[in-house]
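Colleague: Please give me a close look at a single part of this model, starting from burial and working outward. Keep it brisk, and tie the part to the chain around it.

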Amino acid sequence: QVQLVESGGGLVQAGGSLRLSCAASGRAFSTYAMGWFRQAPGKEHESVAAINWSGYSTYYADSVKGRFTISRDNGKNTVYLQMNSLKPEDTAVYYCAASQLPLRIGEQQPNRYLYWGQGTQVTVSS
């Protein structure tokens with residue numbers, strides 16, 4: 001069973017930065033595409049960013065492009081989301097997810113991701 005645990009969320013002022021981490025169990029991490037999703041109260045899940053197994057192919061939602069950076073360290077079984085220039089509309093619970101399928105460039109489909117973390121709250125104040 002693969003387990004994903006997010007950390008790094010918290011309260012930050014608009015314009016500030018946070019770095020989310022997602023630690024994965026299991027030796028197959030380096031073969032997974034990894035994604036970040038978020039959900040604000042009363043809203044649907046939103047695809048934020050994704051990265052392929054090697055770390056050289058990435059996807060970003062237009063709303064975060066230029067502000068967020070996804071990266072991974074396969075040696076540490078960890079994927080990161082560096083969030084800069086945060087805005088109040090970034091407030092949400094952020095989830096990491098792992099897929100055994102090849103990464104597709106474009107809005108990520110949740111049904112392609114088999115394993116999910118419990119989420120970490122990010123709150124951006126005005």
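Modeller: Buried means under 20% relative accessible area, exposed means over 50%, and partly exposed is the range in between. One caution before using that scale: the model is predicted.

Apply the scale to Ser 25. Its relative accessibility is 27%, so Ser 25 counts as partly exposed. Ser 25 sits in the loop between β3 and β4, and β4 covers residues 33-39. Ser 7 is 18 residues away from Ser 25 in sequence. In space, the C-alpha atoms of Ser 25 and Ser 7 are 14 Å apart.

Now step back along the chain into strand β3. The part to look at is the disulfide. The structure holds one. Its partners are Cys 22 and Cys 96, with 1.9 Å between the sulfur atoms. Cys 22 belongs to strand β3 (residues 18-24) and Cys 96 to strand β9 (residues 92-99), so the bond ties together parts that are 74 residues apart in sequence. The torsion about the S-S bond is about 55°, so this disulfide is right-handed. On the burial scale, Cys 22 and Cys 96 are both buried.

Next, a neighbour of the disulfide. Trp 116 touches Cys 96. Leaving out residues up to four places away in sequence, Trp 116 also touches Leu 4, Phe 37, Tyr 95, Ala 97 and Pro 110. Trp 116 is placed in strand β10, which covers residues 115-116. Measure its position against the other half of the disulfide: Trp 116 and Cys 22 are 94 residues apart in sequence, yet 10 Å apart in space, C-alpha to C-alpha. The relative accessible area of Trp 116 is 32%, which makes Trp 116 partly exposed. The two cysteines are buried.

Phe 37 leads on to another site. Phe 37 is on the contact list of Trp 116, and Phe 37 is on the list of Val 48 too. Val 48 is in strand β5 (residues 46-51). Its relative accessibility is 0%, so Val 48 counts as buried. With residues up to four places away set aside, the contacts of Val 48 are Trp 36, Phe 37, Arg 38, Tyr 59, Tyr 60, Ala 61, Val 64, Phe 68, Leu 81 and Tyr 94. Take Tyr 94 from that list. Val 48 and Tyr 94 are 46 residues apart in sequence, and their C-alpha atoms are 9.0 Å apart.

Arg 38 is another link. Val 48 touches Arg 38, and Ser 63 is in contact with Arg 38 as well as Glu 46, its neighbours within four places left aside. Ser 63 lies in the loop between β6 (58-60) and β7. Its relative accessible area is 37%, which makes Ser 63 partly exposed. From Ser 63 to Val 48 the step is 15 residues in sequence and 8.2 Å in space, C-alpha to C-alpha.

Two backbone details belong to the loops further on. Asn 77 has a positive phi of about 50°, although Asn 77 is not a glycine. Its loop runs between β7 (68-73) and β8 (78-83). With 18% relative accessible area, Asn 77 counts as buried. Ser 85 is another non-glycine residue with a positive phi, here near 50°. Ser 85 is in the loop between β8 and β9, and β9 is the strand that holds Cys 96. Ser 85 has a relative accessible area of 41%, which makes Ser 85 partly exposed.

Finally, the setting. The protein chain has zero helices and eleven strands. Of contacts between residues at least 6 apart in sequence, 59% join residues at least 24 apart. A compact globule of 126 residues would have a radius of gyration near 14 Å, and the chain has 13 Å, which agrees. The C-alpha trace spans about 40 × 25 × 25 Å along its principal axes. Of the 126 residues, 46% count as buried. About 6,600 Å² is exposed, and carbon and sulfur atoms supply 48% of that area. Charged side chains number 11 positive and 8 negative, with the centres of the two sets 7 Å apart.

Definitions and conventions. Residues numbered from 1 in each chain as written. Predicted model: local features only at pLDDT ≥ 70, side-chain atom pairs only at ≥ 80, totals over all residues. Heavy atoms only, no water. Helix = DSSP H or I, 4+ residues; strand = E, 2+ residues; numbered from the N terminus. Rg over C-alpha atoms; globule rule 2.2 N^0.38 Å. Buried < 20%, exposed > 50% of the residue type's maximum accessible area, 1.4 Å probe, protein only. Contact = heavy atoms within 4.5 Å. Areas by Shrake-Rupley, 256 points an atom, 1.4 Å probe, with all protein chains shown as cover. Lys, Arg positive; Asp, Glu negative; His and termini not counted. Charge placed at Lys NZ, Arg CZ, Asp CG, Glu CD. Disulfide = S-S within 2.5 Å.
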